[in-house]
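Good morning, everyone, and thank you for making the time. I would like to walk through one structure with you, slowly, and please keep the picture open while I talk.

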Amino acid sequence: MTLLCHLFFCPRALGAAAVDTRAYCAQWCPPKSSCVNATACRCSPGFTSSSGDVFTNRLENCDDINECGPPPRVSCGKFAHCLNTEGSYHCTCGPGYELASGAKTFRSESENTCQGKNHPTPSISRWEGICSTFSRHQRAVLGTYPVTHPSLNPKAQNLLQRVTSESSEYPLPLPPNTYKDRCCNFFPSWTPPRGIKSQRLSRFFEKVEDLARKFIPAFAQDSIQGLIEGVDELLQTPEDLGALPRSEQHRVAANLLAGLEDVLRNISQALPNGTLTFNASAGTDLSLKVQEQGDRNVTLSLNQAKMLLSLDEVHESSDSGPSVVGLVSTPGMAKFLAEAPLVLDPKQQAVLREHKELLGEVPPVLLSGVVSAFVSNKDTQNLGSPVTFIFSHHSVTPGPTQKVFCVFWEHSQDGGGHWSTTGCRMAATGDASTTCQCSHLSSFAVLMAHGHVQEEDPVLAVITYVGLGLSLLCLLLAALTFLLCKAIQNTSTSLHLQLSICLFLAHLLFLTAIDQTKIKLLCAIIAGALHYLYLASFTWMLLEGLHLFLTARNLMVVNYSSMSRFTKRLMFPVGYGVPALIVAVSAASRPSLYGTPTRCWLHTEKGFVWTFLGPVCTIFSINLAFFLMTFWIVRNKLSSLNRDVSTLQNTRMLTFKATAQLLILGCTWCLGLLQVGPAARVMAYLFTIINSLQGMFIFLVYCLLSQQVREQYGKWFRGVRKAKAEPENYTLSSRTVSDASKHSAVRLCIIKVK
């Protein structure tokens, strides 16, 4: 495929000023926002839009910022919980605790003075000592049973009783849940993604809240099983979630992946040592291992994935407690991550470019289920040795234009994210399994990206560059002819001139800037400019077709009075205004879809490329109808045509000019839509050859085959010859005079000598 074929596929507010800016405020600012100026709005504190605090898109709204996460943006400290409110948040002490000041809420960890109600509690350092002494199972028991429960060994019982009876200020028993809240605040806050309206998602989070409210550490296994089954049911029957836009589905998936990992990491700390497996009916599985000592090489296996890691790499050296390792598989998550973009690691991009390979614009396809790996240590971004994942997936043999990648889900600030290959590499792949190695932990998958090898046919490449280069030269000559040749200036030449200018600029920008993808903003601007210039070119082709039809219908000369009125009133507003309107609406609704990773053109995502293909298909369909009607009129009434079109009486000339008009009117661009199936290569050749020479046909038909233009060219050439001959005659005369003078001087000298 050649380059030409690719066409078918916030300001910040100023400081205080003397001018009253309220008079220039935007009237369209949505709720929870205020005006910045005539074109921008700012979200109120505690709210944000998809573009940030300040935005200029009228379709955006200001949504509440969930400071409590996941992931949390604030920390309330120990024995406290974060509660999100509309536009704000606050912290409250946990059950059985209150602030020393008696207040109900506070804002940050530095303001945390939570203490047991009516009973001051031992210092944090003492409780940390207690927690490090007990096993995880014993700590879970502390949340439910008395200190003297037989599950606790004598050393633990004595230590607890000694700590709580050191002072008369700590009488036994301590307030309910003191042990649990002091040692093990297991169930973290998990809230829905902001701005997503879904009854199904609301019911799921109601179930999560119910699990958190009824959570008892001693029965952590039941809570985990309930959570896995809840996620499994949500993925199996998404209901109204399936009707959400893709971008919102990606945000839901990102929230589920992050929240599930966070909750499981915390709840797992209440489990006894050992390996546990949890299963759900639709395929959601969880494998956990809790151990204090033993083999540091851990292997966890699920139905479709296996993980091998070393605890020495993921366990903090300062943490002397047991280690938790978990692997959860959520195959149903694939439906929410459909069409999610893939961002390659810079090194992989360089390798692909070196081999002239590029990813296509077709969204990648997940081959495996999505698995999330977590450990008790949250800092697992740069591991010393990689973690190995072995994925089982349905049998597939990648074609020549398909590539398999090991990827992870990288979260973005707006709550969504994308697939990324950074830190992951594919160690081996077969028909039904793929081995990946990653230097961090997250949510992983194996996907197959559809691409193409940039091995362009050298013949087509030469045709493209030579053809467009020749067209540029012909378009420039044609534009100069229409602009400078006064004898032929009329409505027709005005249309020819505008078409030539638009096509010249479009082809020039296409040849010089279509591959400038390094700077994303610049690439988007280039794509927008190409979008406008080619749409303007096709609009002028439409006006050419209309003008040709009206001329043939009226059987009059080109500058017929009705044609002049049509030109003055509609020609320029339609020729330049309609394309500008289409591009403006497209850019306002989907600005991010201008520019692709491989070309500065329009994305195919969400059918965005049809903002170009739609008008183009409409125009060449209308022009084809104009052409057929014009040809019929000329054929039937050839003998009655006036002198200005009398040259059409020659049948051969009529046939040639009719064919050329098909090219000039853009009807042959339909070949770009026919590049499918066995005839794709032939159509690619025809499309490239014919349309790259469009400028040459404009110059040939409207200039070289026009008698008036040829006569004008003759006058210009004769004028140039005459201007060139005059200096030569002057030089020859000067030389003759000089030679005569010299001869006279010689004769004079001879006479004097005599």
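Let me begin with a question for you: is Leu483 buried, partly exposed or exposed? Before I answer, I should say that what you are looking at is a predicted model, so please hear everything that follows as a description of that model. The answer is that Leu483 is partly exposed, because its relative accessible area is 47%, which lies between the 20% under which a residue counts as buried and the 50% over which it counts as exposed.

Leu483 sits in helix H10, and it belongs to a nonpolar patch on the surface, together with Leu476, Leu480, Leu484 and Trp716. Taken together, these residues have about 450 Å² of accessible area. If you look for the element that gives the most to this patch, you will find that it is helix H10, covering residues 458-484, with 4 residues.

Now let us step back to the chain as a whole. The chain has 754 residues, of which 46% count as buried, and its secondary structure consists of 18 helices and 24 strands. The chain exposes about 37800 Å², and carbon and sulfur atoms supply 57% of that area.

From here I would like to turn to charged side chains. How many salt bridges does a search of the whole structure find? The search finds 9, and I will talk you through some of them.

One of them joins Lys207 and Glu233, whose closest N and O atoms are 3.9 Å apart; this pair counts as a salt bridge because the cut-off is 4 Å. The pair links distant parts of the chain, since Lys207 is in helix H5, residues 199-213, while Glu233 is in helix H6, residues 220-236, and the two are 26 residues apart. Lys207 is partly exposed, at 31% relative accessibility, and Glu233 is also partly exposed, at 39%.

Asp210 offers another example, and here there are two partners to follow. Asp210 forms a salt bridge with Arg213, with the closest N and O atoms 2.9 Å apart, and the side chain of Lys214 meets Asp210 in a salt bridge as well, at 3.5 Å from N to O. Asp210, Arg213 and Lys214 are therefore linked in a network of salt bridges, as each pair I have just named falls within the 4 Å cut-off. Asp210 and Arg213 are separated by about one helical turn, because they are 3 residues apart in helix H5. As for exposure, Asp210 is partly exposed at 24%, whereas Arg213 is exposed at 60% and Lys214 is exposed at 57%.

Let us move along to helix H11, which covers residues 491-513. Helix H11 has 23 residues and reaches 33 Å from its first C-alpha to its last, which is close to the 33 Å expected at 1.5 Å a residue. At the N-terminal end of H11, Asn490 acts as a cap, with a side-chain oxygen 3.0 Å from the backbone nitrogen of Ser492. Ser492 itself is placed in helix H11, and it counts as buried because its relative accessibility is 15%, below the 20% cut-off. The side chain of Ser492 also makes a polar contact of 2.9 Å with the side chain of His496.

What about the strands? In general, strands of a sheet pair through backbone hydrogen bonds, either parallel or antiparallel. In this model, one open sheet is formed by 3 strands in the order S1-S2-S4, with antiparallel pairing. Its edge strands are S1, residues 33-35, and S4, residues 54-55, each of which pairs on one side only. Strand S2, residues 41-43, pairs with S4 over 2 bridges, and if you find Arg42, you will see that its bridge partner in S4 is Val54.

My last stop is a loop. Glu605 is found in the loop between helix H13, residues 561-589, and helix H14, residues 610-636, and Glu605 is partly exposed, with a relative accessible area of 35%. How many residues apart in sequence are Glu605 and Glu339? They are 266 residues apart in sequence, and yet in space their C-alpha atoms are 8.6 Å apart.

That brings me to the end, and I am happy to take your questions.

How values were computed: Residues numbered from 1 in each chain as written. Predicted model: local features only at pLDDT ≥ 70, side-chain atom pairs only at ≥ 80, totals over all residues. Heavy atoms only, no water. Buried < 20%, exposed > 50% of the residue type's maximum accessible area, 1.4 Å probe, protein only. Patch = residues over 30% accessible without salt bridge, like charges linked within 9 Å, V, L, I, M, F, W, Y side chains within 5 Å. Areas by Shrake-Rupley, 256 points an atom, 1.4 Å probe, with all protein chains shown as cover. Pairing = 2+ DSSP bridges. Expected span 1.5 Å × (residues − 1). Polar contact = N/O pair within 3.5 Å; in protein donor to acceptor, adjacent residues only side chain to side chain.
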